[in-house]
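The following note is offered to a colleague meeting this structure for the first time. Its points are numbered for ease of reference.

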Amino acid sequence: MIRIEEIVQKVGRHHPQADLDMLRRAYFFSAREHKGQTRASGEPYLVHPLEVANILADMRLDEISVATGLLHDVVEDTLVELSVIKQYFGEEVAHLVDGLTKIAQISSLSREEQQAENVRKMLLAMIDDVRVVLVKLADRLHNMRTLGALKPEKRQRIAQETLDIFAPIAHRLGMGKLRGELEDLAFQNLYPEDYRYLSAQLEARRAEHEKFLERTTKRIEDALRDAEVPFVRIEGRVKRLYSIWKKLKKQRIELDQVYDLVAVRIITPDEVRHCYAALGVMHNTWRPVPGRIKDWIATPRDNLYRSLHTSVIGSEGQPFEVQIRTEDMHHVAEEGVAAHWKYKEGKIGKHGKREMVADDEDAAFQSLRSLVEWTQEVKDSRDFIESLKLDLYPKDVYAFTPMGKVIQLPRGATPIDFAYAIHSEVGDTCTGARINTRIVPLRSVLQNGDVVEILTSANSRPSRDWLNFIVTSRARTRVRHWVAEQQRAESVEIGRKLLDKEAVRFGLSARKLYKDEDFKKLSGEYGFGRIDDLLAAIGYGKLVPRNVLAKHVGAEKLAEIEARKESRLRSGVREGVQAVKKFIRLGDDAISVRGIDDVLIVRGRCCNPIRGDEIIGYITRGKGVVVHARRCKNVDSLMANRERIVEVEWASHAADTTAYAVKLLAVTENRTGMLAGITSAISDTKTGIRDARASISANDKGHIEVTVEVFDLKHLDKIIRSVRGVSGVLDVERMNGGAD
């Protein structure tokens with residue numbers, strides 16, 4: 001176990017003016033409060049805060065951050081109040097500890113919602129002080145290093161959260177070294193078999209790679225000296241396991257085809273001209289790979305990363321990557337914000353805290369604030385997490401306004417994303433775009449170097465269709481908000497018409513109804529603040545107009561009026577409803593809506609959900625509840641009208657005898673016998689086949705579509721595994737939609 005004095009010495013070396021006594025006091029306080037607590041591994045709990053503090057000291061952070069690392073779990077896991085932390089250690093430490101303390105467990109929130117609120121709280125605290133998230137990343141890193149002591153299910157959940165949220169946050173803050181370790185640890189726990197296989201492959205080639213890097217490094221040193229280009233050192237490395245695995249999966253290539261499997265890094269003195277001189281030497285020494293040169297010095301990434309990248313073909317025909325950067329650039333690339341930020345001695349800012357400043361203050365502040373500025377607009381927890389993942393996605397497209405301003409966007413971004421990146425109003429009023437002076441469709445994908453001009457009109461408004469192709473969280477949030485507002489306005493109008501019609505049926509004046517003070521109070525009884533909210537609920541189909549009137553004038557009075565209706569009309573309506581139900585067959589009672597009985601339920605044809613799929617229900621006008629799989633491509637647009645979403649579930653009492661038609665697509669080698677092999681494998685699982693078709697694609701691969709009859713998701717997984725086992729099958733996937 002690391003000793004507190006070792007941590008104190010590290011902080012003292014990097015911060016001679018630091019209050020080192022605070023660290024000792026924080027250690028003894030943490031040791032006292034965590035006394036008797038143990039981790040899942042059985043070791044004393046104090047080991048964890050000590051290791052977190054040590055990671056922060058290695059990152060060269062100040063004593064406030066390191067003390068927070070020692071105290072970060074005290075408020076959450078012991079009886080200590082935040083006010084005590086403030087009294088003993090000051091407002092700065094208390095502020096950081098509060099930002100790291102999870103919200104109290106609220107029974108009404110799901111695990112996903114609680115996760116979202118905890119992340120939101122941390123990120124909002126980060127706006128005021130970036131050290132909140134730096135301590136959290138150190139905390140997560142140590143937890144990932146010791147994940148083996150937990151149960152498999154919990155390991156998987158924490159590893160997935162790390163891969164989805166915390167590793168991308170580290171990337172956004174430029175912390176390449178920490179991000180790499182988080183990703184590799186998550187990969188090891190999420191895909192252990194792939195991890196072991198890839199590790200073994202690299203280990204088998206380790207001696208070969210080491211010899212290659214040794215020869216290459218020596219040649220680079222000689223070439224740079226001959227050209228009189230100064231350098232500090234040359235480093236060699238093998239690409240990280242998770243990065244290799246992602247590239248192999250995405251590009252469907254073999255390990256030998258990875259261009260940057262091995263890389264050499266040239267560190268130059270702190271003058272940019274030496275970097276470009278070294279690049280010229282590399283291209284004179286080896287043949288560069290076309291399209292593989294990236295200049296992150298002239299156009300830095302939004303996480304402050306700066307470097308030159310090029311791929312070349314070595315003398316033995318082996319491709320490798322060369323990265324060229326100054327010593328300062330390298331420090332920022334490894335440590336990111338932790339290296340970039342420093343503290344002005346004696347400068348006191350708001351809340352009595354020392355202000356953080358940076359050499360590139362405006363850029364750093366903008367990068368950090370843009371990460372979370374939209375979080376205050378996204379109210380729904382699920383939307384927040386999904387938008388966060390999108391916003392943290394690496395931004396690799398650099399486009400320009402006609403005036404030359406650089407706009408950084410994620411891969412796959414469109415002119416709509418570009419418009420919203422400029423300003424919300426530009427996005428809201430966008431009608432078209434020119435890319436490199438040519439009019440293009442709004443769904444066009446932007447490329448590096450594109451000059452984009454956005455065409456606007458004061459009368460134009462966002463379209464729901466944009467949700468099908470925009471990729472940035474800012475654009476999605478604004479468009480969803482607009483669509484929701486439009487849907488709400490329509491629903492208020494529909495609700496008003498439905499209530500007016502119902503009022504006329506019972507001889508009531510709709511005009512007088514809305515002026516009635518008792519009716520206005522009725523909105524509050526339903527949990528709404530205004531009458532418009534009540535009308536919107538009626539328009540959405542959540543409230544029945546007759547029930548609202550019954551609550552206002554009395555159920556007995558309405559019953560008397562309704563009793564005068566002709567019995568024949570009532571029976572005719574009843575028979576019609578039963579006929580519709582019989583015709584549509586309500587899913588054989590396989591799906592139910594929580595808290596609602598006798599409702600029309602239809603499975604969405606766009607995604608064809610089967611038993612075992614995660615599902616959601618969407619209230620339609622006149623068609624009952626349409627059930628979609630959560631994976632459905634249309635769910636995203638449905639979420640713009642979240643008031644219509646209802647919870648649905650597969651009925652536990654329903655027999656698993658309903659066969660669902662599911663279409664599979666198998667990509668295969670182009671050779672005879674593939675269709676027969678696949679259908680035989682499916683038959684071996686005792687599964688019915690409704691249809692099978694084969695074709696050859698443009699890239700000379702076989703495409704075999706098979707429609708099978710499955711009973712649930714487990715049955716489908718069994719079929720897919722069986723097909724994947726057929727020799728020559730490259731990939732199998734479930735296609736959206738079903739088959740009749």
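1. Two strands are said to pair if DSSP finds at least two bridges between them; helices (H or I, at least four residues) and strands (E, at least two) are DSSP runs, numbered from the N terminus. On that basis, strand 20 (residues 660-668) and strand 22 (residues 702-710) run antiparallel and are joined by nine bridges. Ala-661 has Glu-709 of strand 22 as its bridge partner.

2. The model is predicted: local features need pLDDT of at least 70, side-chain atom pairs count only at pLDDT 80 or more, and totals for chains, interfaces and linings use all residues. Residues are numbered from 1 along each chain as its sequence is written, and side-chain values use heavy atoms, with hydrogens and water left out.

3. Strand 22 also pairs with strand 21 (residues 689-696), through seven bridges and in antiparallel fashion. Here Ala-692 has Val-706 of strand 22 as its bridge partner. Five residues lie between the strands of this hairpin, and Asp-700 takes a positive phi near 65°.

4. An open sheet of three strands follows the order 12-11-13, with antiparallel pairing. Strand 12 (438-440) and strand 13 (452-456) are at the edges with a single partner strand each, so one side of each has no neighbour in the sheet. From one strand to the next, the twist averages 35° (axes are lines fitted to C-alpha atoms, for helices over the stretch in contact, and angles run from 0 to 180 degrees between N-to-C directions).

5. Within that sheet, strand 11 (residues 430-435) is joined to strand 13 by five bridges, and Cys-430 stands opposite Thr-456 in strand 13. Helix 20 (residues 415-422) lies across strand 11 and strand 13, at about 80° to strand 13.

6. A nonpolar core is a set of buried Ala, Val, Leu, Ile, Met, Phe, Trp, Tyr and Cys residues joined through side-chain atoms within 4.5 Å, where buried means under 20% relative accessible area (1.4 Å probe, protein chains only). The largest such core has 80 residues, and Met-59, Ile-85, Leu-137 and Met-175 have the most contacts inside it. Leu-137 touches residues including Phe-166, Ile-169 and Leu-182, not counting those up to four places away in sequence; contact means heavy atoms within 4.5 Å. A second, separate core of 30 residues includes Ile-615 and Val-627.

7. Overall, the protein has 31 helices and 23 strands. Of its 740 residues, 48% count as buried.

Technical notes: Buried < 20%, exposed > 50% of the residue type's maximum accessible area, 1.4 Å probe, protein only.
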